[in-house]
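This report describes how one protein chain is arranged. Please examine the sequence and the structure shown below before reading on.

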Amino acid sequence: MSFTSIAFLVFLPLVWATYWGLGRREWQNLLLVCASYVFYGWWDERFCVLMLTSSLVDYGLGLALGPSSPDSDRRVSRWSGIGRRRLLLGMSLACNLGLLGVFKYFGFFVDSFQAAAGLIGWSPGAVTLEIILPVGISFYTFQTLSYTIDVYRGRLVPTRNLVDYLAFVSFFPQLVAGPIERASRLLPQFQQPRCWERDAIGAGLRQMLWGLFKKVVIADTLAGPVAASFASPEAAGGPRLMVATVLFAYQIYCDFSGYSDIAIGTARLFGITLMRNFAYPYFSQSIVEFWQRWHISLSTWFRDYVYIAMGGNRGGRVQTWRNVVLTFLVSGLWHGAAWRFIAWGGLHGVSLVALPRPATRVEIDQPGGEGLVPRLAVLLRMILVFSLVCGFWVFFRANSLADAWLIWTTMVTQLHDVQAYRELLLEYQAGGPLFGITHLLVMFLVVEWLGRHKPHPVDFPGWPRPVRWSIYAALAWFVIEYGGRGESSPFIYFQF
């Protein structure tokens, strides 16, 4: 079930009204588990069996790994029977990563092996496995893994309440595309009563509205021109490919951050607080800052469970560089079972170690400084980082590594193609699709820049009520108008 579907428009009010009508925490959690499995099974009921299997395995292993109560001797529990505990953690890793490997990476590994064998003249028989990639499997797999790893490390006491645990894993607002929550942050919210708060409900609805606007109005509008250019890069020309790359940068940002906004807003309707997942990443002044603002729940997950596990920055400069690059290579593979994703991750990893790091601490709450107009040096750094990120997005969006290289070389070699720029300008002046898209993006950039000191721009404390409600009505009208055109596309991160 998608956030932009009619089914969800009916599903959400029914679950919400029943949830607050139940009153007791235990019954509310049970309702959320049932509703979440309905939400997930809307695509394919077999997906629910897979998620339940993964959840039960980690629930049982968590009980075997950790102390039974907060008053237990956690130090003894942590250090006694190290071999047994490592075996239990290994079972969790094998189960979760094994399921992920079979359903998401089997074909990739087989194809890569056959290609490598072909280089030495060996032609092994074709092996195929016709299976459907379960929606969101990468997200809930990482969420359950963080639970068992934290229990193993002694940072979390496992829960004995199965319903609370299942609610943590399957909570439908963030189930399919995050944010990827930690058990230490989300699970306690299911273990305590939630209170009805009118302000929180209003804040959740506003954030949902902004997320829908980003997805339905901006991301879906950009999807068509982007797909047309990347489908036939050899015929598009360098300048048009540059425009398509920039449009894709905003398509994926509005698509994914829009999902996160809807998820966070929906969770607030139920008295649950999810972590912030995006913090205006395209206003970053370095690649380091970009990754502190983009898909925050995933980047911090890889930092805590992959980068630090490999040694982090404790082994000297060369080892630190190695750990950074390897972490981003794994991150690229997490995004998709293709070499272009690995190349995308590797480019980010290399840029992190090769480019200068910011001299000052990143201010997540307000990128670009407090002024209305950024200083020239700040603006130039933001443009440079955005250009670099766009160049890397080519590998993410292209249909293959060969297409990505073709797009790169075409953009570079045709950088001074005056005739191609003239054609784009004429198309803009004639009022074609590029005309409307340009104005839409300029409006969006201005709104984001002016509201960058807030988690999302649609929050106007102190503004007159008629003005606030006029803005809400305008955003809702745009969502309905653009959504009614029948051009809605699935959320991009559903495939991961």
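A residue is called buried when its relative accessible area is under 20%, exposed when that area is over 50%, and partly exposed in between. By this standard Y59, at 13% relative accessibility, counts as buried. The model discussed here is a predicted one.

## Overall arrangement

The protein chain holds 21 helices and zero strands. Of its 496 residues, 51% are buried. When contacts between residues at least 6 apart in sequence are considered, 77% of them join residues at least 24 apart.

## Aromatic rings and charges

The count of aromatic pairs in this model comes to 65. One of them is formed by Y59 and Y165, whose ring centres are 5.7 Å apart and whose planes meet at 45°, a tilted arrangement. Y59 belongs to helix 3 (residues 45–65) and Y165 to helix 7 (residues 162–170), so this pair ties together parts that are 106 residues apart in sequence. Y165 also counts as buried, because its relative accessibility is 0%.

Charged side chains lie over aromatic rings as well. K214 is placed over the face of Y253, at 5.4 Å from the ring centre. Likewise, R452 is placed over the face of W449, at 3.6 Å from the ring centre.

## Three residues of helix 12

Helix 12 spans residues 238–269, and S257 lies in it. T266 is found in helix 12, and so is G238. The table gives the relative accessible area of each residue.

| Residue | Relative accessible area | Class |
|---|---|---|
| S257 | 2% | buried |
| T266 | 0% | buried |
| G238 | 0% | buried |

Which side chain makes a polar contact with the side chain of S257? The partner is K214, at 2.9 Å. K214 thus appears in two settings: its side chain contacts that of S257, and K214 lies over the ring face of Y253. With neighbours within four places in sequence left aside, S257 is in contact with K214, I252 and F278.

T266 touches F8, L12, F172, P173 and M208, again not counting residues up to four places away in sequence.

G238, for its part, is in contact with T410, M411 and Q414 once neighbours within four places in sequence are set aside. G238 and L406 are 168 residues apart in sequence, while their C-alpha atoms are 10.0 Å apart in space.

## Y37 in helix 2

Y37 is part of helix 2 (residues 25–41). Is Y37 buried or exposed? Y37 is buried, since its relative accessible area is 16%, and the limit for that class is under 20%. Apart from neighbours within four places in sequence, Y37 is in contact with C48, M51, L52, S55, L166 and S170. The C-alpha atoms of Y37 and V49 are separated by 9.5 Å, and the two residues are twelve places apart along the chain.

## Cavities and the largest pocket

How many cavities of 30 Å³ or more does a search of the whole structure find? The search finds two. The largest cavity contains about 40 Å³ of space. Its lining consists of Y250, Y253, Y280, P281, Y282, F283, L445 and E448. Helix 12 and helix 20 (433–450) are the elements that give two or more residues to this lining. Y253, one of the lining residues of the largest cavity, is also the residue whose ring face has K214 over it.

The largest pocket has a volume of about 1200 Å³. This pocket is lined by 33 residues, and L205, R206, M208, L209 and L212 are those that lie nearest its centre. At least two lining residues come from each of helix 1 (6–22), helix 10 (198–231), helix 12 and helix 21 (465–483). Which helix gives the most to the lining of the largest pocket? Helix 10 does, with ten residues.

Two earlier observations about contacts can be placed beside this description. M208 is among the residues nearest the centre of the largest pocket, and M208 is also touched by T266. Helix 12 supplies residues to the lining of the largest pocket and to the lining of the largest cavity.

Note on methods: Residues are numbered from 1 along each chain as its sequence is written. This is a predicted model: local features need pLDDT of at least 70, side-chain atom pairs count only at pLDDT 80 or more; totals for chains, interfaces and linings use all residues. Side-chain values use heavy atoms; hydrogens and water are left out. Rings of Phe, Tyr and Trp (its six-membered ring) pair if their centres lie within 6.5 Å; planes under 30 degrees apart count as stacked, over 60 as edge-to-face and the rest as tilted. Helices (H or I, at least four residues) and strands (E, at least two) are DSSP runs, numbered from the N terminus. Buried means under 20% relative accessible area, exposed over 50%, partly exposed in between (1.4 Å probe, protein chains only). A charge sits over a ring if NZ of Lys or CZ of Arg is within 6 Å of the ring centre and within 35 degrees of the ring normal. A polar contact is a pair of N or O atoms within 3.5 Å; within protein, one must be able to donate a hydrogen and the other to accept it, and residues adjacent in sequence count only if both atoms are side-chain atoms. Contact means heavy atoms within 4.5 Å. On a 1 Å grid over the protein atoms alone, a cavity is a set of points where a 1.4 Å probe fits but cannot get out, and a pocket is an open set with protein on both sides within 12 Å along at least five of seven lines; lining residues have an atom within 4 Å of a point. Grid points are joined across faces, edges and corners, and a volume is the space filled by probe spheres set on the points.
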